[in-house]
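Open your viewer and get the selection tool ready. We will go from stop to stop, with something to select at each one.

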Amino acid sequence: MALAVQTGRSLTVTIDSVAYSAQVAEVTLTPNQTVDQYISLTSSAAVAQPVTFELSVRAFQDWGVVGGICDALWTAAAAGTAVSFSMGTDGDSFSGNIIPAYPTVGGPADSALE
């Protein structure tokens, strides 16, 4: 059987109807699900809670660039409203809405800022 290697290929985030396709180093969509176990004197039951997802992005900073994603994410995080995203891999695509967190500012003086 041949080995298939999947790589994250693209990420687009839409903020206020503007689509941003940042140059990304890493994009990960991680599902989180809790299963609660209820035990009584006569029985037990497992109940799956709703799945939540976390989108982690490591992208290159473009502060102060006209049309840059960092300034747009900062403004969207301050507003606390959902923005849409689409993420592509080699064979599949995933999309949804996220509440953005503030992006990182700065970093090492001798490397590209992520």
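Start by selecting Asp16, which sits in the loop between strand S1 (8-15) and strand S2 (18-20). Bear in mind as you look that this is a predicted model. Check the backbone here: Asp16 is not a glycine, yet its phi is positive, at about 50°. Is Asp16 buried or exposed? With a relative accessible area of 71%, Asp16 counts as exposed, because the cut-off for that class is over 50%.

Now add Ser17 to the selection; this residue too is placed in the loop between S1 and S2. Ser17 has a positive phi of about 65°, again without being a glycine. Its relative accessible area is 74%, so Ser17 is exposed.

**Next stop: a hairpin**

Select residues 35-39 for strand S4 and residues 44-48 for strand S5. How do these two strands run? They are antiparallel, and five bridges join them. To follow one of these pairings by eye, pick Asp36 and look across to Val47, its bridge partner in S5. Then turn to the connection: S4 and S5 form a hairpin, with four residues between them.

**Then to the surface**

Show Trp74, Tyr102 and Val105 together with a surface representation. These residues make a nonpolar surface patch of about 330 Å². Zoom in on Tyr102, which you will find in the segment after strand S8 (93-98). How accessible is Tyr102? Its relative accessibility is 47%, and it counts as partly exposed because that class runs from 20% to 50%.

**Last stop: the largest pocket**

If your viewer can draw pockets, turn that on now. Rolling a probe the size of a water molecule over the atoms shows where empty space is left. In the largest pocket, that space comes to about 610 Å³. Centre the view on Leu55, Ser56, Val57, Leu73 and Ala101: of the 29 residues that line the pocket, these are the closest to its centre.

Now colour the contributors by element. S1, strand S3 (24-32), strand S6 (52-59), helix H1 (69-79) and S8 each supply at least two residues of the lining. Which element gives the most to the lining? The answer is S6, with seven residues. Keep S6 highlighted as you turn the model around, and you can go through its residues one by one.

Definitions and conventions:
Residues are numbered from 1 along each chain as its sequence is written. This is a predicted model: local features need pLDDT of at least 70, side-chain atom pairs count only at pLDDT 80 or more; totals for chains, interfaces and linings use all residues. Side-chain values use heavy atoms; hydrogens and water are left out. Two strands pair if DSSP finds at least two bridges between them. Patches are made of residues with over 30% relative accessible area and no salt bridge: like charges are joined within 9 Å, nonpolar side chains (Val, Leu, Ile, Met, Phe, Trp, Tyr) within 5 Å. Accessible areas come from the Shrake-Rupley method with a 1.4 Å probe; for residues, only the protein chains shown count as cover. A salt bridge is a side-chain nitrogen of Lys or Arg within 4 Å of a carboxyl oxygen of Asp or Glu. Buried means under 20% relative accessible area, exposed over 50%, partly exposed in between (1.4 Å probe, protein chains only). On a 1 Å grid over the protein atoms alone, a cavity is a set of points where a 1.4 Å probe fits but cannot get out, and a pocket is an open set with protein on both sides within 12 Å along at least five of seven lines; lining residues have an atom within 4 Å of a point. Grid points are joined across faces, edges and corners, and a volume is the space filled by probe spheres set on the points.
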